[in-house]
Amino acid sequence: MLPHFYYHPRMKAYDFGPQHPLKPERLERTMRLLTALGQCDPIDPGEGEVADVLRVHDSAYVNAIRTCTAGYDMGIGSLDNPPFVGMYEASLAYCAGSAAAARAVVAGAPLAYGIAGGLHHAMPTRASGFCVFNDPAIAVHILLEKFERLAYVDIDVHHGDGVQWMWYDDPRVLTCSIHEDPRTLWPGTGGAEETGAEFTALNVPLEAHTTGDVWQWAFLQSVIPALERFRPGAIVLQMGTDSHFRDPLAHLRNTAQEFVAAVAAVKELGLPIVALGGGGYSLTTVPRMWVAACLTLAGVSFDDAIPEPLASELGMPNFFDATPPGPAGTGRRYAEAVVEFVRSHHLKRVRS
């Protein structure tokens with residue numbers, strides 16, 4: 001069984017409606033797949049505590065969400081974040097899983113999961129990008145109760161802007177994000193020049209249509225060396241799967257196996273990890289990529305073939321992609337320039 005895996009069906013209530021791309025069925029399918037593999041024994045983290053949310057969010061904003069009085073100026077009411085009945089309770093629920101995972105690591109666990117979390121765009125006073133409360137930032141805050149230095153690693157295709165800006169100038173926290181170039185993808189931030197005053201923000205933007213081999217190379221050449229130099233006590237890992245070539249909301253061409261290779265590289269650092277979910281909008285890719293990543297972090301071996309009848313029911317015959325999308329090497333020159341910038345302007349200045 002996966003250790004310290006925090007989940008409860010109440011988290012599926014975080015639902016912006018049938019036309020919205022963020023579908024709670026992602027969680028349902030993930031849990032079904034874990035069950036089929038005999039790895040599902042989730043721990044109920046409880047309904048969530050507002051005190052945890054107030055670690056990183058303004059009280060007026062939290063109260064507005066609680067009373068359903070938030071307006072467009074707070075990011076609620078937009079197409080990205082339409083209000084729904086029970087939004088406050090559902091938002092607390094996914095934060096509860098991430099907070100419980102962070103507390104487990106504080107208590108000594110080497111690995112803990114909050115797969116319903118990873119909602120990294122929310123700002124202190126504003127919802128953004130499908131995210132009402134910023135649970136990764138909450139997890140970082142909790143971990144700082146024990147560890148002198150923390151790293152946040154974000155492999156979502158979108159820049160981890162909310163977490164970055166919350167910790168931008170804090171020398172205790174290194175935020176790392178590899179994502180599609182802000183010139184072609186929302187939220188339009190995450191250029192390599194965004195480093196923070198203490199060089200504790202590291203961004204690796206890749207041009208649209210970059211293939212997974214280049215994505216993986218860039219991650220290993222930039223993020224991993226930064227982590228090794230910074231020497232954090234623990235890592236919060238946001239595992240958005242939307243860099244996959246079948247994801248409908250972005251333009252990178254990653255495969256499941258390259259995504260999992262990056263997760264494995266983080267595991268190999270030997271540090272305690274709080275593993276969170278994140279973006280991902282194809283129902284045939286998110287569950288298999290999340291499960292493969294969770295098993296990899298726990299050191300659980302698994303066959304590539306997904307067991308029947310679930311494979312047929314979910315349209316996912318395998319964990320990994322048999323046919324990568326087109327020729328390898330796309331985006332290499334741009335990625336090399338980004339990595340060189342990171343090496344020359346950032347890595348030398350990361351506090352060791």
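**Note on the cavities, the largest pocket and the salt bridges**

1. The largest cavity has a volume of about 120 Å³. This value, like the others in this note, comes from a predicted model. The residues that line the largest cavity are M11, K12, Y14, L22, K23, P24, R26, L27, Y94, A116 and L119. By class, eight residues of this lining are nonpolar and three are charged, while none is polar.

2. How many cavities of 30 Å³ or more does the structure hold? There are two. The second largest cavity contains about 30 Å³ of space. Its lining consists of Y152, D154, H159, G160, Q164, T175, C176, S177 and N203. Two elements each give two or more residues to this lining, namely β2 (150-154) and β3 (173-180). The largest share, three residues, is that of β3.

3. The lining of the second largest cavity comprises six polar residues, two nonpolar residues and one charged residue. For the largest cavity, the corresponding division is eight nonpolar, no polar and three charged. A reader who inspects the two linings may wish to keep these divisions in view.

4. The largest pocket has a volume of about 220 Å³. Of the 20 residues that line the largest pocket, H121, G129, F130, H158 and Y281 are the closest to its centre. The lining of the largest pocket divides into eight nonpolar, eight polar and four charged residues.

5. The next points concern charged side chains. The count of salt bridges comes to 11. One of them joins E28 to K12, with the closest N and O atoms 2.5 Å apart. E28 belongs to helix α1 (residues 25-36), whereas K12 lies in the segment before α1, so that the pair, 16 residues apart, links distant parts of the chain. K12 is also among the residues that line the largest cavity.

6. Are E28 and K12 buried, exposed or partly exposed? E28 has a relative accessibility of 33% and therefore counts as partly exposed. K12 is likewise partly exposed, because its relative accessible area is 27%. Both values fall between the cut-offs of 20% for buried and 50% for exposed.

7. A salt bridge also forms between the side chains of R172 and D170, at 2.8 Å from N to O. R172 is partly exposed, since its relative accessible area is 36%. D170, at 16%, is buried, because buried means under 20% relative accessible area.

8. The side chains of R183 and D181 meet in a further salt bridge, at 2.9 Å from N to O. Which partner of this pair is buried, and which is exposed? R183 counts as exposed, because its relative accessibility is 65%, and exposed means over 50%. D181 counts as buried, because its relative accessibility is 4%. This salt bridge therefore pairs an exposed arginine, R183, with a buried aspartate, D181.

9. Salt bridges can also share partners. In this model, such sharing joins D52, R55, R103 and E145 into one network.

Terms used: Residues numbered from 1 in each chain as written. Predicted model: local features only at pLDDT ≥ 70, side-chain atom pairs only at ≥ 80, totals over all residues. Heavy atoms only, no water. 1 Å grid on protein atoms, 1.4 Å probe; cavity = no way out; pocket = protein on both sides within 12 Å on 5 of 7 lines; lining within 4 Å. Points joined across faces, edges and corners; volume = space filled by probe spheres on them. Nonpolar A, V, L, I, M, F, W, Y, C, P; charged D, E, K, R; others polar. Helix = DSSP H or I, 4+ residues; strand = E, 2+ residues; numbered from the N terminus. Salt bridge = Lys/Arg side-chain N within 4 Å of Asp/Glu carboxyl O. Buried < 20%, exposed > 50% of the residue type's maximum accessible area, 1.4 Å probe, protein only.
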